[in-house]
Amino acid sequence: MSEKKEDTLGGTSRHASSSDVNSSVTPIHEKTSVDSNPHHHDIDEFVKNEKLIDDEPTVNAIADDITPVSVYKLFRFSTKVDIILSLAGTFFSCAAGVVTPVMIIIFSNLMGVILKYYQLADESTASANHYLDHESRHYCLLFFILGIVMWVLSFGVNACWAIAAENQGLRIRKLYYKSIMRQDIGWFDTVKTGELTTRITNDVNMVQDGLGEKFGFVFMNVVAFVVAFIIAFAKGWKLTFICLAVIPFIAIAGGYLGIAISKLTTNAQDKTAASGAIADEVLSGIRTIMAFNGQSREIERYKQMVEESYRFGRRSGFILGGCIGVIQFFIFVMYCAGFNFGSWRLRAEEYDIAQVLNVILVLLVGGFMLSGAAPNVSAITSAQGSAAKVFEIIDRVSPIDPLDTETGKKVEKIHGDIVFRDIHFTYPSRPD
């Protein structure tokens, strides 16, 4: 028979009937009779019926259909210092991206010097040797200077982005843990603690990885690609225009890579968190599992969740490999068209050898720099997917905040008797 009481101080409603309580608390000796069946069927039924290990789906407090956050919102927890470091890292990244195509120009000019040396050697060996010695020293000095510049810029790229990412990762972990501590007790009935601990390690690490030097490498690779095409246009616009015909296909493959990897990473991280929750749940109740011979069933539960995570990871691998393969294919198509057109213009004496070398080599390096950006873009999109669930927990406002001592109603003094009527209780995860 259900007991009903009323709270004269507030309208909080909870539901619990004595019949529900009595039905859930059943004497163990009525359930644990074991016959001669070697499979111990009734013990397994007892474990399942008594909810010693809960294998029924609960109402998850973390939504499953959260869309990945935008790149801008990845930096929502950055301070002024982090923004300054990120801007400095961006500057170093762009500058480093400019150095690579410039190095190719120096290399191409050096190749032109060597070709001209053989032409001069047919006329005068002494003058040809003097010319080669003077010009090679000049270009070798330029290479040495570029090496020092690249060392400074590479240090700036990695140091600035890594420090900014560490600061933001630490801040996200603190806010995540503090948000968990703010939640009401009913919320913890709808989410498993193993999932929370998995997210604070795996998901936050992926977010931090996406906020770090991966961003710098993307800027460096893209700037190198753009500068390479600008130099190529200046050296031979017709040849460069032919090579640009394949750029839309590369952009489509890169865009699809970013969208697909972001969604698959979100799903894979969900399953990884769920498998971590199962492992935490089983290990914390290992005595109960061992007592009722539930090892096989728990192994199967964990195996199913891990295999789902594996399927998402495998699909991510196929998509990543396929898209990078497509990008590489069209880059080589660009080289094919460029060399074919360049040799044609060379025969027509419209271009000289140094000019063709400049354009082809700078496009060659620019294309490889663009393909090198794909794995870094994948890391950033993975961070967008992982950040969605982490930020949702951070942003959740608890209806009862134990850490908030400033707001809310405060009763200075209470006079009278407290009577409870019509008090009901239900678990948030099992409202029925």
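**Rings and a greasy patch**

Let's start with a group of rings: Phe 75, Trp 161, Phe 215 and Phe 219 form one aromatic cluster. Rings of Phe, Tyr and Trp (its six-membered ring) count as a pair if their centres lie within 6.5 Å; planes under 30 degrees apart are stacked, over 60 edge-to-face, and the rest tilted. Keep in mind that this is a predicted model, where local features need pLDDT of at least 70, side-chain atom pairs count only at pLDDT 80 or more, and totals for chains, interfaces and linings use all residues. Residues are numbered from 1 along each chain as its sequence is written, and side-chain values use heavy atoms, with hydrogens and water left out.

Searching the whole structure turns up eleven aromatic pairs. One of them joins Phe 77 and Phe 391 edge-to-face, 5.2 Å centre to centre and with 75° between the planes. Phe 77 sits in the loop between helix H3 (71-74) and helix H4 (80-121), while Phe 391 belongs to helix H13 (residues 353-395), so this pair ties together parts 314 residues apart in sequence. Helices here are DSSP runs (H or I, at least four residues), numbered from the N terminus.

Are these two rings buried or exposed? Phe 77 is buried at 12% relative accessibility, and Phe 391 is buried too, at 4%. Buried means under 20% relative accessible area, exposed over 50%, and partly exposed in between (1.4 Å probe, protein chains only). Phe 391 has another partner: Arg 76 lies over its face, 5.2 Å from the ring centre. That label needs CZ of Arg, or NZ of Lys, within 6 Å of the ring centre and within 35 degrees of the ring normal.

Notes:
Helices (H or I, at least four residues) and strands (E, at least two) are DSSP runs, numbered from the N terminus.
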